[in-house]
Amino acid sequence: METRHATVPVFKLYGETRHWPTPDLLHCESIAERSRLHDWHIRTHRHADLLHLLHIRDGEVTLHLEGSDRHLTGPLLIVVPAMTIHGFHFARDIDGHIITLAQPLAGYLSEQLGQMGDVLGRAAHYPLADQPEAEAMATLVRQIDTEYRRPADGRDPLLHALVQALAVQAARRAERRRPMLARRHDKGQDHLQRFQALIDAHYAEQPTVESLASRLGVTSAHLNTLCRRLAGRSALQLLHERLLLEAKRLLTYTNMTISQVSDALGFSEPAYFTRFFKRHTGDSPKTFRQRQ
């Protein structure tokens with residue numbers, strides 16, 4: 001959520017506020033090239049219109065993604081869509097590349113890949129050890145890096161073809177990680193996706209599950225059954241999780257007062273917001289903010 005209080009820096013490439021540094025819609029560099037300039041610590045930030053694909057062949061990284069930290073070891077692929085709050089702390093011996101796509105190219109790839117293109121819109125990390133896509137991804141990244149660094153006939157279409165192939169491999173890896181039950185594309189899955197889209201659009205209005213179920217043309221009981229079967233949580237839990245995520249973002253990354261956060265999230269009184277937040281996190285908003 002953008003407000004005048006927001007303090008999360010929005011960069012082109014990390015540390016840059018100038019225009020896109022090359023005429024390409026794709027940028028490729030080794031992770032070490034940029035991270036060594038910042039003592040291997042890329043602080044929390046986001047990009048308005050850039051997508052990152054980080055391929056780590058070997059080495060360790062602490063990944064900060066939307067308020068949570070994970071310590072990961074290569075080989076792995078990390079996907080960071082536009083507007084995702086993220087940061088990294090790399091080991092000094094990190095071996096890998098970061099491929100950055102401008103939004104027009106990212107959007108084109110998503111459209112070309114159809115349903116598989118969803119992988120480019122989800123912030124996630126995918127371990128690659130002992131995975132069938134690992135070798136193909138490593139080869140594609142090497143080819144992208146080589147082609148990116150030298151002008152040659154057919155460079156642009158080849159780069160686009162290579163990054164599209166990389167996106168396909170990422171989608172295959174992501175698809176196999178999903179539970180078999182969630183993989184089935186049935187009417188229930190469609191309802192769940194539409195429900196999550198409604199949550200994203202209206203969570204700050206504090207809608208009831210009944211009102212959202214009605215917009216989907218199902219009963220609240222049926223919606224709850226679908227959510228528990230496909231997402232492992234009730235419809236109300238999914239709604240509360242989204243509300244809580246936004247609350248944590250605003251408390252961590254803005255200087256909005258707790259009263260302002262409460263109002264932005266649709267609570268009629270700050271006291272109600274405080275009770276809601278403490279019930280789900282164990283901390284008051286003030287304590288949570290101080291800890292962050």
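Start by selecting His52: this residue stands opposite Val80 in strand S6. Strands and helices here are DSSP runs numbered from the N terminus (helices are H or I with at least four residues, strands E with at least two). You are looking at a predicted model, in which local features need pLDDT of at least 70 and side-chain atom pairs count only at pLDDT 80 or more, while totals for chains, interfaces and linings use all residues. Residues are numbered from 1 along each chain as its sequence is written, and side-chain values use heavy atoms, leaving out hydrogens and water.

**Strand S6 and its partners**

Now widen the selection to strand S3, residues 50-58, which runs antiparallel to S6 and is joined to it by 5 bridges. Two strands count as paired if DSSP finds at least two bridges between them. Next, pick strand S9, residues 124-127: 4 bridges link this strand to S6, again antiparallel. Click on Leu77 and you will find its bridge partner in S9, Tyr126.

Why is S6 (residues 76-80) described as largely enclosed by the rest of the structure? Because 5 of its 5 residues are buried, meaning under 20% relative accessible area (exposed is over 50%, partly exposed in between; 1.4 Å probe, protein chains only). Colour the two faces separately: Leu76, Ile78 and Val80 lie on one side, Leu77 and Val79 on the other, and all are buried.

**The largest pocket**

Select Gly121, Arg122, Ala123, Gln196 and Arg233 next; among the 40 lining residues, these lie nearest the centre of the largest pocket. Elements giving two or more residues to this lining include S9, strand S4 (60-65) and helix H9 (235-253). Helix H6 provides the largest share of the lining, 7 residues. A pocket is an open set of points on a 1 Å grid over the protein atoms alone, where a 1.4 Å probe fits, with protein on both sides within 12 Å along at least five of seven lines; lining residues have an atom within 4 Å of a point.

**Zooming out**

Show the whole protein chain: 12 helices and 9 strands, with buried residues making up 47% of its 292 residues.

Finally, colour by pLDDT, the predictor's confidence in each residue from 0 to 100. The chain has a mean of 86, and 88% of its residues reach 70 or more. Helix H3 (residues 134-148) has the highest confidence, at a mean of 96, and helix H5 (residues 180-183) the lowest, at 44.
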